[in-house]
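Visitor: Could you take me in for a close look at one part of this model, the largest pocket, and then show me what goes on around it?

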Amino acid sequence: MNKKKILLDTDIGGDIDDAFCLAYLLANPECELLGITTVSGEAEKRAMMASALCYASGKDIPIYPGIEEPLFTEQKQAIAHQAIRLNNWEYKDKFEKGYAIEFLRKIIRENPNEITLLGIGPLTNIAVLFMVDPEIPSLLKELVLMAGYFDNENNIKENNWNVLCDPYAAYKVYSADVKLLKSVSFDVTQKVKMNLSEIDKKISDINSSKSDILKVVLDFASVESNHEVTFHDPLTAVTIFNNNVCTFAKGRVTISLKDESFSDTLWEPDNLGTHELALTVDSQLFFNEYFSVFNI
């Protein structure tokens, strides 16, 4: 089996979908997860949370806390509030600091045209990576992002949290010369939701020790008052492994830095474009794919 080489950049510790996404990658036999970097406030605590999931999976994945502050705008995500559940689990609590960007750079250069960089948080780490080494975008196999909001039907132009937390970083990343940049945006991801009680039942039906990973995720989720999970980031990850879950169109995404439309995500269709935008999702196929990896 030719595994897909993945680097994950995440703000795990905010919304629970990051943890569900990492659990999927750890359980997926087609995924070779080469490393994890964390971004946004309390990046070290976010790294500890990622470590707890790695411990539960029995895998030793390199983890590096990354940049905590956005490039120029104010901090909107200072705390990794789900980290209060860490004491319930085994995890690594010491990490090499200040090395996240160089780690990403090193792995990508060692594996030219083979790496999928999956970004499911604010794009600060990725933007700085592209600024430090401008050749990196061209060395990626693909860049896959959970980012943006495009409601073409109602002509609404907004953004999602990952863009809003660092619009200047998003502008830099979407301006880079990447062979393929795939975006799965909020207007598509919000169509894949499941109640926590239903998730708990699915976990109980898993006949594998991989269910232990999801038990950690559910404990982190217990911090939230919301009893429904929207699988924003897991859907983005699943599109890497299953081409049928979402339909995509080619074109160009840009990030507005104009005062009247600051941080808006804009889409221009173009059959020759190097950006791809998810337009639709098969929700049932997604959930079948997501939970299937825990039974393999």
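Guide: The largest pocket comes out at a volume of about 250 Å³, and keep in mind that we're looking at a predicted model. It has 18 lining residues, and the closest to its centre are Asp11, Asp15, Gln77, Trp161 and Asn162. As for the elements, helix H1 (17–27), helix H6 (161–164) and helix H11 (232–241) are the ones that each give two or more residues to the lining.

Now pick up Asp11 and Gln77 again, since both are in contact with Arg46. Arg46 sits in helix H2, which covers residues 43–57. Here's the curious bit: Arg46 is buried but has no salt bridge. Asp11 is its nearest side chain of opposite charge, and that one is 5.2 Å away, while a salt bridge has to fall within 4 Å. What the Arg46 side chain does reach is the backbone oxygen of Ile12, at 3.1 Å. Setting aside neighbours within four places in sequence, the contacts of Arg46 also include Gly13, Gly14, Thr38, Val39, Ser40, Gly41, Ile79 and Ala80.

For another buried polar residue, try Asn111, in the loop that runs between helix H3 (100–110) and strand S4 (115–119). Asn111 counts as buried because its relative accessibility is 12%, and the cut-off is under 20%. Its side chain makes a polar contact with the side chain of Lys5, at 3.0 Å. Beyond four places in sequence, Asn111 touches Leu34 and Leu139 as well as Lys5.

Key: Residues are numbered from 1 along each chain as its sequence is written. This is a predicted model: local features need pLDDT of at least 70, side-chain atom pairs count only at pLDDT 80 or more; totals for chains, interfaces and linings use all residues. Side-chain values use heavy atoms; hydrogens and water are left out. Helices (H or I, at least four residues) and strands (E, at least two) are DSSP runs, numbered from the N terminus. Buried means under 20% relative accessible area, exposed over 50%, partly exposed in between (1.4 Å probe, protein chains only). A polar contact is a pair of N or O atoms within 3.5 Å; within protein, one must be able to donate a hydrogen and the other to accept it, and residues adjacent in sequence count only if both atoms are side-chain atoms. Contact means heavy atoms within 4.5 Å. Lys and Arg count as positive and Asp and Glu as negative; His and the chain ends are not counted. On a 1 Å grid over the protein atoms alone, a cavity is a set of points where a 1.4 Å probe fits but cannot get out, and a pocket is an open set with protein on both sides within 12 Å along at least five of seven lines; lining residues have an atom within 4 Å of a point. Grid points are joined across faces, edges and corners, and a volume is the space filled by probe spheres set on the points.
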